Amino acid sequence: MTVKDIKINNEGEATKVAIPATGVAVAEVITPAAAAPISTSKITQGRAGRGDPVRRGGRNGAGAGSAGKGGSGGAGGRGGPRGGRGGDRERVKPEFDSKIIDIRRVTRVTSGGRRMNFSVAVVAGDHKGRVGVGLGKGIDTAGSVEKATREAKKNMIRVPLSAQMTIPHAVEAKYGSAVIKIFPARGSGVVAGSSARAVIELAGIKDVCAKFLSGSKNRLNNARVTIEALKKLSKSPRFGSKPKEVKKVEVVVKKEEVMAAK
């Protein structure tokens, strides 16, 4: 008995071949076209088109498919609370707050071309009487801000504040072309502009007014002149000091000398 010639159709159907001289049933031979049909479409087939098994338990599910990555019931899963190697870590609040008051892009012309750097001015303080100003330069803003913050922490000063967190008396200072006058103002809050407001707020000063007596628009100089003014503060108010006692000297003039003078 011979094997019959069977034509394979274009759809890749299975062909049946009879095994001669045996009583075995007809064997089924699957053609490569039927095993892995070639798709002419450029669109990637989905999970159902590929014949993959459906994953039970989605992102937040706790089924068998999410046992490895963890569901809502498993620790460290996407839907549940995070559990890292170090456990839950609390975010520590920094001791000093910082604020950027000025960012400048500086260009330097060299033989190879132009090189761009960044200059950043930062004010740092703890809202409890300590404040400082720093300047940092670098090729990127992140490095410049870090340098300026470190310098601001190094150059910090302590401002003598009263129990009401205000300055004890008025003060005036000059730095470069910037001139400022700071005086206490009860019940008015912080009345200041430019970079002086950032310095006063980070120092924790309340009920104070600041007035620039110059036309300088340089924010770095305005911040530094504010620091110079706060350095001149004394612990005791000036208007509360006792006046100096003047000794009275009694002058005795003889009567004869008065008559001679006439």
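This is a short tutorial dialogue on reading a predicted model.

Student: Where do I start, and how many helices and strands does the protein chain have?

Tutor: Start with the overall tally. The secondary structure comes to six helices and ten strands. The chain has 262 residues, of which 27% count as buried. For contacts between residues at least 6 apart in sequence, 49% join residues at least 24 apart.

Student: Now the sheets. In which order do the four strands of the open sheet lie?

Tutor: The general idea goes like this: strands of a sheet pair through backbone hydrogen bonds, either parallel or antiparallel. Here the order is 7-8-10-9, with mixed pairing. Strand 7 (171-175) and strand 9 (190-191) each have a single partner strand, so they stand at the edges with one side lacking a neighbour in the sheet. Strand 9 runs parallel to strand 10 (residues 208-212), and two bridges join them. One pair to look up is Val 190 with its bridge partner in strand 10, Val 208.

Student: Which helices go with those strands?

Tutor: Take helix 4 (residues 194-203): it packs on the sheet and touches strand 8 (178-184), strand 9 and strand 10. The direction of helix 4 makes about 150° with that of strand 10. Helix 5 (residues 219-231) lies across strand 7, strand 8 and strand 10, at about 45° to strand 8.

Student: Is helix 4 mostly covered or mostly open?

Tutor: Mostly covered, as seven of its ten residues are buried. Among them are Ala 196, Val 199, Ile 200 and Leu 202.

Student: And in helix 5, what does Ile 227 touch?

Tutor: Ile 227 lies in helix 5 and counts as buried, because its relative accessibility is 8% and the cut-off is under 20%. Leaving aside residues up to four places away in sequence, Ile 227 touches Val 131, Gly 132, Val 133, Ile 157 and Val 199. Val 199 is also one of the buried residues of helix 4. Val 131 is 96 residues from Ile 227 along the chain, yet their C-alpha atoms are separated by 8.1 Å.

Student: How do strand 3 and strand 4 pair?

Tutor: Strand 3 (residues 97-110) and strand 4 (residues 113-125) are antiparallel, with 13 bridges. A hairpin of two residues joins them. To check the register, find Lys 99 and its bridge partner in strand 4, Val 123.

Student: What should I make of positive phi values?

Tutor: Most residues other than glycine have a negative phi, and most peptide bonds are trans. Gly 204, just after helix 4, has a positive phi of about 85°. Asp 207 is not a glycine, but its phi is positive too, about 50°. Asp 207 sits in the loop between helix 4 and strand 10, and is partly exposed at 25% relative accessibility. Met 165 has a positive phi near 60°. Met 165 belongs to the loop between strand 6 (157-158) and strand 7, and is partly exposed, with a relative accessible area of 26%.

Student: Last one: what volume does the largest pocket have, and which residues are closest to its centre?

Tutor: Rolling a probe the size of a water molecule over the atoms shows where empty space is left. In this model the largest pocket has a volume of about 240 Å³. Ten residues line the pocket, and the closest to its centre are Gln 164, Thr 166, Ile 167, Pro 184 and Arg 186. By type, the lining divides into five nonpolar, three polar and two charged residues.

Conventions:
Residues numbered from 1 in each chain as written. Predicted model: local features only at pLDDT ≥ 70, side-chain atom pairs only at ≥ 80, totals over all residues. Heavy atoms only, no water. 1 Å grid on protein atoms, 1.4 Å probe; cavity = no way out; pocket = protein on both sides within 12 Å on 5 of 7 lines; lining within 4 Å. Points joined across faces, edges and corners; volume = space filled by probe spheres on them. Nonpolar A, V, L, I, M, F, W, Y, C, P; charged D, E, K, R; others polar. Pairing = 2+ DSSP bridges. Contact = heavy atoms within 4.5 Å. Axes fitted to C-alpha atoms, helices over the stretch in contact; angles between N-to-C directions. Buried < 20%, exposed > 50% of the residue type's maximum accessible area, 1.4 Å probe, protein only.
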